[in-house]
Amino acid sequence: MTATPSTTPDFLTLPDLASRTLAGAVVHADDEFFAEKENLLLPGEPVFDPTLFGHKGKVYDGWESRRRRTPGEDAAIIRLGVPGVVRGVVVDTAFFRGNYPPQVALDGAWVEGYPDAEQLAAASWRPLVPPSPAQGDTRNAYAVADETPVTHVRLRMIPDGGIARLRVHGEPAPDPRFLAGTVDLAAAENGGRIVDCSDLFYSSPANIIAPGRSRHMGEGWENARRRDDGNDHVTIALAGPGTVDHVEIDTSYYVGNAPGSASLHGIRRAEDLDRPETWVELVPRTPLQPDCRHRFLVGAPAGPDTPGTDPDPVRFVRIDVFPDGGIARLRVHGRLTADALEAMAARLPRS
């Protein structure tokens, strides 16, 4: 059985589990004579200088092995930044025209802890993408049907050649033991993901749930200038159903293009995404300041004579910005329900 590149890769809307932003890393390669394995996960598009040569030959922005003279194949092992169910991969052979692998394959494994290369070599690998045709200077996209979460993937070039980038798109499946107590329910590293966005003209809404703080305006979500009576918005699937305690809406580096105001609603079920009358108001429409990290408590605070209110669990949140404008980060701090933690634990394989 062989896989063919997908013509309509819907999985591209899912996060890249191998992203360096999420702490993904290439931990081993059988051969990287011409170009380093670490290039596989570099952010951004590959670049090419036709005049640039080094001591080992042409310099490529990717991973390239030497010409194989014995039977076999070359492989690289990637530790995912967040474990998850892989839904599809992109094997980008940009600028590799006479030296790309004619076939590629991808395997997955669940290995807990922090295994070294020797331990990973002995892991139980199973095929995610069987040996499949690849084209040169192309973003080769392959859908994956396997439903079991993995912590590592193994990219195989059959038999050798060069690959510029690898993107591993899927659904995060983090270890719930690290999600007890108050956590950022929207964070990509905890399992949050974007499910809808009104406008991503300048930059991706996935940036607002990325780890850390943004360093400049390009690391947030910025939409085009709106010229009608509507407003822009992003909907996020949380790590699981949970109660929201407090929220951060960060407009850092958005000075002349921050939203005038924003609101945040919680949505309990997927079937309610298009039913605004069922949404729960978490943060009412509130004016925002440019270049500012705003923090909002959710629900009535506890007092000396009152225990405070515990908001109902929600599965999604939607942030609306009015009428438009950019935000750097959105943090939705809260607690997963006991049922959510139990369901997450049941999903994971154990070594």
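## Aromatic pairs

Two rings of Phe, Tyr or Trp (for Trp, the six-membered ring) count as a pair when their centres lie within 6.5 Å. By that yardstick, this predicted model holds three aromatic pairs. Take Phe 33 and Phe 34: their ring centres are 5.0 Å apart and the planes meet at 90 degrees, so this pair is edge-to-face. The cut-off for that label is an angle over 60 degrees. As for solvent, Phe 33 has 29% relative accessibility and counts as partly exposed, and Phe 34, at 28%, is also put down as partly exposed.

Another of the pairs joins Phe 201 and Tyr 202, again edge-to-face, with 4.8 Å from centre to centre and 80 degrees between the planes. How accessible are these two? Phe 201 comes out at 58% relative accessibility, so it counts as exposed. Tyr 202 gets the label exposed too, at 51%, with the line drawn at over 50%.

## Arginines over rings

Rings also turn up next to charges here. Which ring does the charged end of Arg 285 sit over? That would be Phe 322, with 3.9 Å to the ring centre. Arg 315, for its part, lies over the face of Phe 316, at 5.7 Å from the centre of that ring.

## The annotated domain

The UniProt record, an unreviewed entry, places "domain: Allantoicase" at residues 24-172 and 191-336. Across residues 24-172, the chain is 46% strand and 3% helix. The end C-alpha atoms of that stretch are 13 Å apart.

Notes:
Residues are numbered from 1 along each chain as its sequence is written. This is a predicted model: local features need pLDDT of at least 70, side-chain atom pairs count only at pLDDT 80 or more; totals for chains, interfaces and linings use all residues. Side-chain values use heavy atoms; hydrogens and water are left out. Rings of Phe, Tyr and Trp (its six-membered ring) pair if their centres lie within 6.5 Å; planes under 30 degrees apart count as stacked, over 60 as edge-to-face and the rest as tilted. Buried means under 20% relative accessible area, exposed over 50%, partly exposed in between (1.4 Å probe, protein chains only). A charge sits over a ring if NZ of Lys or CZ of Arg is within 6 Å of the ring centre and within 35 degrees of the ring normal. UniProt positions are given in the numbering used here, feature names are shortened, and annotations may be inferred rather than shown by experiment. Helices (H or I, at least four residues) and strands (E, at least two) are DSSP runs, numbered from the N terminus.
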